[in-house]
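Please read this briefing alongside the sequence and the coordinates. The topics are long-range contacts, overall form and the nonpolar interior.

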Amino acid sequence: MNSSVRNFLYDHPEHYESAYPEPNEETPEMCRRMFARFLAEPPSSILDVGCGTGRDLAVLSRDCPDCCGVDYLGTMIQYARSKHPALHFQVDDMRTVRLQRCFGAILCMGSAFMYALSNEEVDQVLDTFAIHARSGTLLVLDINNAASYLGGGSFKDQTEYAVDLARIMREGI
Ligand SMILES: C[S@@+](CC[C@H](N)C(=O)[O-])C[C@H]1O[C@@H](n2cnc3c(N)ncnc32)[C@H](O)[C@@H]1O
């Protein structure tokens, strides 16, 4: 899995949020709706697996200060810590991380789970979720619906994005 966790935005996390803007905090808002729908009360602790820049966790921590983010990449964790020093961020692997505690909600957003590329890795990550859960813990798992790729001709072997750094710098977006 190591070499596949590599792209420009992971090497330059300061541009990640510009490339994937969320002006209305859509992802944490969706998580809040899931909490309201499936939990008797809001979670008192949240684990974000594959937390990236820590953006979602930072928003959710306004209601839940006991937040912990784990990501494979030191670049992402370093950036997350610099932006959100009050939160706990840790470089670790979702297949093997063991934090010796449980959480009220576990998130795995933005396709992070799809870095588990084999059945064995999927099992390992599911074990990680289970080990950090207790009875009643809510897992919010964001994955693409594979069915959407079947027969529609929308599957691409390769995708290219262009990031206009000059514009980002100029407009501060
Ligand atoms: C597309 S980003 C999503 C980041 C964040 N969840 C978000 O929605 O903005 C996927 C993240 O998964 C992380 N990741 C990939 N493999 C991982 C692993 N084995 N353990 C932990 N994190 C991993 C990457 O480093 C990256 O930060």
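In this predicted model, residues 24 or more positions apart account for 66% of the chain's contacts with a separation of 6 or more, a contact being heavy atoms within 4.5 Å. Local features need pLDDT of at least 70 and side-chain atom pairs count only at pLDDT 80 or more, whereas totals for chains, interfaces and linings use all residues. Residues are numbered from 1 along each chain as its sequence is written, and side-chain values use heavy atoms, with hydrogens and water left out.

**Fold and form**
- The chain has 7 helices and 5 strands, taken as DSSP runs numbered from the N terminus (helices H or I, at least four residues; strands E, at least two).
- The radius of gyration is 16 Å, close to the 16 Å of the globule rule for 173 residues, so the chain is as compact as a globular protein of that length; the radius is taken over C-alpha atoms, and the rule is 2.2 Å times the number of residues to the power 0.38.

**Nonpolar interior**
- The largest nonpolar core has 19 residues, and Cys 31, Phe 35, Ile 46, Phe 89, Leu 107 and Val 140 have the most contacts inside it; such a core is a set of buried Ala, Val, Leu, Ile, Met, Phe, Trp, Tyr and Cys residues joined through side-chain atoms within 4.5 Å.
- Helix 4 gives the largest share of this core, 3 residues.
- Buried residues, those under 20% relative accessible area (1.4 Å probe, protein chains only), make up 39% of the 173 residues.
- Leaving aside neighbours within four places in sequence, Ile 46 is in contact with residues including Phe 35, Leu 57, Cys 64 and Leu 107.

Methods:
Buried < 20%, exposed > 50% of the residue type's maximum accessible area, 1.4 Å probe, protein only.
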